[in-house]
Structures are given as structure tokens and as C-alpha cells.
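Reader: I'm new to this structure and would love a close look at one part of it. Could you walk me through the sheet and whatever packs against it?

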Amino acid sequence: MNIHEYQAKQILNKFGVAVLRGGVAYTPSEAKTVAREMGGDLWVVKAQIHAGGRGKAGGVKVVKSLGDVEKTAKELLGKTLVTHQTGPKGKEVKRVFVEEGCAIASELYLGMLIDRETGCVTILASTEGGVEIEEVARKSPKKILKVAIDPLVGMQPYYARKVASGLGLEPKTGGALVKFLLAMYRAFTELDCSQIEINPLVITKDETVIALDAKINFDDNALFRHKDVEELRDEDEEDPAEREAERHSLNYINLDGNIGCMVNGAGLAMATMDIIKLSGGDPANFLDVGGGATRERVTVAFKLILSDPNVEGVMVNIFGGIMRCDAIADGIVAAAREVDVHVPLVVRLEGTNVDLGKKILADSGLAIIPAETMADAAEKIVQAVKEAS
Amino acid sequence: MAVLITAESKIICQGLTGSQGTFHSEQAIAYDTNLVAGVTPDKGGMTHLDLPVFNTVAEAVAKTGANATGIFVPPVFAADAILEAADAGLDLVVCITDGIPVRDMQRVKRELKDSKTVVVGPNCPGVLSPGFGKIGIMPGYICEKGKVGVVSRSGTLSYEAAVQTTTAGLGQSTIIGIGGDPVNGTNFVQALELFLDDDDTEGMVLIGEIGGTAEVEAAEFIKSWKKKKKPVAAFIAGASAPPGRRLGHAGAIVSSGAETADAKKEALRSAGVEVADTITSIGDAMKKALGVS
């Protein structure tokens, strides 16, 4: 789960991480009020969307009067920002964050994530602040400092000192960074984060260390023990179909293509998307119906797939495993009747009682195109969509 | 002689009395698995599926001599169940549970760093050795005793690999589903090591996916093989996945260049692995790598 920058900063601040003062606003006049109450003579108005690259897309503006705070908020609110992370459709700005300014001496990068290989929370730090860490990794991997934290020992000050000295900080700012890192690690573990990124981390002219931007991702598997975090969810930032899928514990992700797919198992679902693409088609979604491809789940899945107006055909690919194919076929037929699938539908079944399953599909009277293998199914759906258009 | 599950395996099920534990244990018994007991806290003393149920793993080990377990408990209790099994000295712990918080698995991984216990999973389909039995949810009927060792992050893709190697007449020594979570027990390298040392395994199928760098590490490991070598065929799922999106498995998210399907395929190819472009040709790729037609 993702949250907004201003929420991430509020959380980090509670744990003692240094951030600037600021407040969220939903309207231009609220933005002006926030700035007035904060005081000062320079503010930054920042669009709040769940995507990086806001600065380059014109979503972050420095202003010098209360009138300009209001004017800039008016420009940003309702505007659709397109960044390299939003996709071509972009994201509409519904909230802005008004923050006080600060005198920047230098910008650094600071991240915390779980390294899969070691299973440890690992600090990533670099003197290349404000640049994407992936880009730094590609161009100058030696500029990235990595420090792994033993989960049984937890964050020790010496880990943090290693980072401060690796970044070449002066004693005063180094000390501030140690305090910053200890607080950040506490937030990371206590809230079951999967990633925290501070980019840039700023050294100010008066030698303090401040999170100028902040991004937190949470481990979805652990949300059950953080109800307060779950309340920060912004449904406007999420695809409505993906939310609906989640309510039915289906895994659905909307993509840009025209061939819907319904598959059991995440790996098989990815392999199905791959084979559709190799056959000259373009997948409209990722959808894992899970192990129990029952009538109820298949019905919801069909509805989700067909709610995407770009879908011109559907490929169902189910490896029954322990589930019987006749039961799955019954479910598909009942669901296809209930939902009225109006586009070409190719079904590939494999598993126990597969012949019985195929017979149920053939005898259903529905225009289901049967397929023998995954490759056969992919070719057939690509062909059927071509012919129908 | 297959790996992990062999003629010596005496298996228990943690969570035997639950619905998943019951269903899949029935399947395992029907597949002639040597299931000797179940463990469910507070249900010790009862009999379920004709098996004795114990309160603790230690008790089950003391009374039955069990050396392996399959875990079917809810996510909140799963890390505790894995640690309990390792503490009782079991050789093999297979955790099927999906949805365990990563922080819990971090602790487990660190606690068991120097332990002799092999953990497979979590969030995996389990382990199956044709002729010796299974732990987990894999369908037995698609498998056949043979010479290919299969290791896969994805459950359903391991089934595809099983069907194809069976149809190709190769069969399997053991199928290991290592699971799709970012922090897990056995990785590709450890599974390949087991297969390399197993006399019955003549070649390996490796099924990976986008996210993480485990496949690249496997490629490095394969490159390092000197005297003892076995042919490997591989498939990587997720070539068409959009970057930055998590596709089902928590581990399947591309966050850097080295984690894409293309980068992994390239690494494996450079290690001499026969890489299949679609999952439907993994059987043929294994045949080619083994030099059989």
C-alpha cells in the first residue's frame, strides 16, 4: 500500500524524523490559510499524487506570496499530472501540500528496503540526491553505500555512523543523520514498511538534516496489525476495478491492451500475458483468480475484465491442479451466462477430469472457443479479436 | 533417490485439523505419502484422518520419529510454526501459508541462519517426489518418477513443467516450489545444489519470474560449476509486465534493471542454460539441454 508524501512525513515526524512544517489542502483557500498560519515569506506548493517525478512534471512550485500560494494551488488542483510513473493517462491532483521553504546546502539520497538475498532491512545512501537511485545504480554503482541491519540486533548507532562517514558528512550534520536514521528504522519496523525513500535528504545551510521528500510503502501482508495505517489509504489514487477485485480477494491489475485474461496462479497469469504478447496480442489485465476458481469468483472476474471498455476478447487459462475441471467448467459456464460475455471467449483447461470439463463447455450452447494448450489459446484469442474487429 | 522427500521421510502436518490441512493431507495420503501425525495446539490426544494429533511438534517427533513437516496454519501463526518445527529438530519444513508479513519471515530467516533445518516456502505449492510422496498442494497425477529436478517460484508454472516433462517421457526426481515471497527459505541456488548432488537427477528445470535477483544468482552459481555439471533449462515469467507494479506474488515487482525478465534470461543464457521463450516449450528446452530427442 502507498500513501501520500504529506502522510509519510506526518508518520516519520511522529517517530522523530526531521521534516519541514506544512499542511495539506483540498482547496486554494485552504492552501492560503495553511501558508498564512505557518508564516514566513517562502512556501512550496506540492501536488499530492501516488507517483514520483512530480517536480519535472510541474507539480512542485516555489512561491513567495500568500496570493501566489492560492493561485498555484488553484492551478494544480484538478490538473492531471503525467510523470514517468503515472503512465500516459496521468493522475488528477486532488490534494496539495503547502510546506515552508528551507536554505539547501546539498542534497543526498537515503532509502531503506528489505534486501531479498539477506532478508535484512538495508540502508541505501548516496551523495547523488534528487536523482532516481536506479539511475545512480546504472551509471555509478560505486556511489551507492549499502548497510544491512541484522534483524535480531536491530538498528545500532554504529550502523548509522557508517552511513554518515560514508557520505563524508561533517560532525554536526553526521550526528543529526545518526538521529534521523535511528528514528527512520524505528518507523520502518514498527509499521511493517516494505520501503522508505527520502529523496532528496537535504543538508541545510544551518547544518541540519531534513527529509525534503518522503515515500513510504507498506507490506500488504502486515496491514492487519496496522489499522491506523490502512485508514490513510486514498481510494482516489487506486483503480476502482482493482479495489473491487481486492474486496473479492482477487488479484487484478488493469493494463493498456485489449485481450482480457483470467488465470489461476500469479506465475501462470504472467506467463499467459507473455504468450498473448508473443502471439501478437496485447494483454488488458493481469488477473489471478486463485486456487478456488469457483462460480462466484469467476463471475466477479468476468465482470471486472469486461468493465474495461478496451477489452475485445477474453482468454481463460485454468490449471485445475487438485480442483476438478468439470467443477471449474460448470463455474465458467454459469458465470459466462450470468455476465453475458459479449466478446470472443477462449478457454483452456488442464487438470483432473479435463475431458469432462471440455464436454461441459462444448454442450453449454455458449460461443466458447476451446483450446488445447496455452499457445493454442493465445493464438486463437488473438485471431478471434482480429476477425471480430 | 530424489531430494528432500525420500524413502526415509516421516511427515507431520501442522494445522492438520483445519480445512486446508485436512483436505491436502487426505490428498497426500492418497498419494502414498508417509504421513505419521498432525499437530494442532490444544487438540492433542485426538485422532484425525486416522492419525494421532499432538499439541506440539516436539511431542510429535518424540512419539513418531518424524523428520519433516508441512505447515497449513493461518499467516499470523506461521512464523511461530516454522520456528517451532526447526526447534524440534526436523530436517525439512515446508510452509504453504500465503500472506505472512515480511518482517516475520526476516526474523525466521535470521534465526535459522545456521540451522540444519531446510525451510521451503512460504507461499509455495510444496515439494513432491514421485514414488516417495508429497508435502503441499501439488497434484500428484501430473507427475511421474523420472530424471528431471524442477524448481519454481510459481505453483501453477511448476505444474506446467511437471506435465511437460511427464509428456516428454523424462519424468521428475523431485519438484520444489520455493514460493513467491520476497524473503523465503530455500532459494534457487540451494535447490540446484540439492539436485546437483542427487544421483537420480540428470537435468534441472528452473522456473523464475520478474523481481529480485535470485535467478541471476542461480546463473552465477551454474557458471561456477566445474567438474560436476548437469544441464539446466529455464523459463522466466513476466516479460510483458509493466515496471513498478506488483503482479500477484509480493516478490514479483520490477524495481531495477537487473530484475526484468530479459536481464534474467540473458544471465541464464550466458551460463549455458537453455532458456524457453514460452512456458509451453519448457519440456522441449529440457530435452534439448539433455540432448535427447
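Author: Happy to! Let's begin with a helix from the other chain: α9 of chain A, residues 266–278, lies across β12 and β13 of chain B. In this predicted model, helix α9 of chain A runs at about 85 degrees to β13(B), the strand of residues 232–237. Chain B adds a helix of its own, α8 (residues 261–270), which packs on the sheet and touches β12, β13 and β14 of chain B. The direction of helix α8 of chain B makes about 175 degrees with that of β13(B).

Now for the sheet itself. It is an open one of 7 strands with mixed pairing, and its order in chain B is β9-β8-β11-β10-β12-β13-β14. At the edges stand β9 (133–136) and β14 (274–275) of chain B; each has a single partner strand, so one side of each is left without a neighbour in the sheet. In general, strands of a sheet pair through backbone hydrogen bonds, in either a parallel or an antiparallel way.

Let's look at one pairing in detail. Strand β10 of chain B, residues 145–152, pairs with strand β12 of chain B, residues 203–209, in the parallel sense over 5 bridges. Across this pairing, V150(B) stands opposite V205(B) in β12(B).

One cysteine may also catch your eye. The whole structure has 0 disulfides over all chains, and C143(B) is in none: the nearest cysteine sulfur, that of C124(B), is 14 Å away. At 11% relative accessibility, C143(B) counts as buried, because the cut-off is under 20%.

Definitions and conventions: Residues numbered from 1 in each chain as written. Chains lettered and ligands numbered in written order. Predicted model: local features only at pLDDT ≥ 70, side-chain atom pairs only at ≥ 80, totals over all residues. Heavy atoms only, no water. Disulfide = S-S within 2.5 Å. Buried < 20%, exposed > 50% of the residue type's maximum accessible area, 1.4 Å probe, protein only. Pairing = 2+ DSSP bridges. Helix = DSSP H or I, 4+ residues; strand = E, 2+ residues; numbered from the N terminus. Contact = heavy atoms within 4.5 Å. Axes fitted to C-alpha atoms, helices over the stretch in contact; angles between N-to-C directions.
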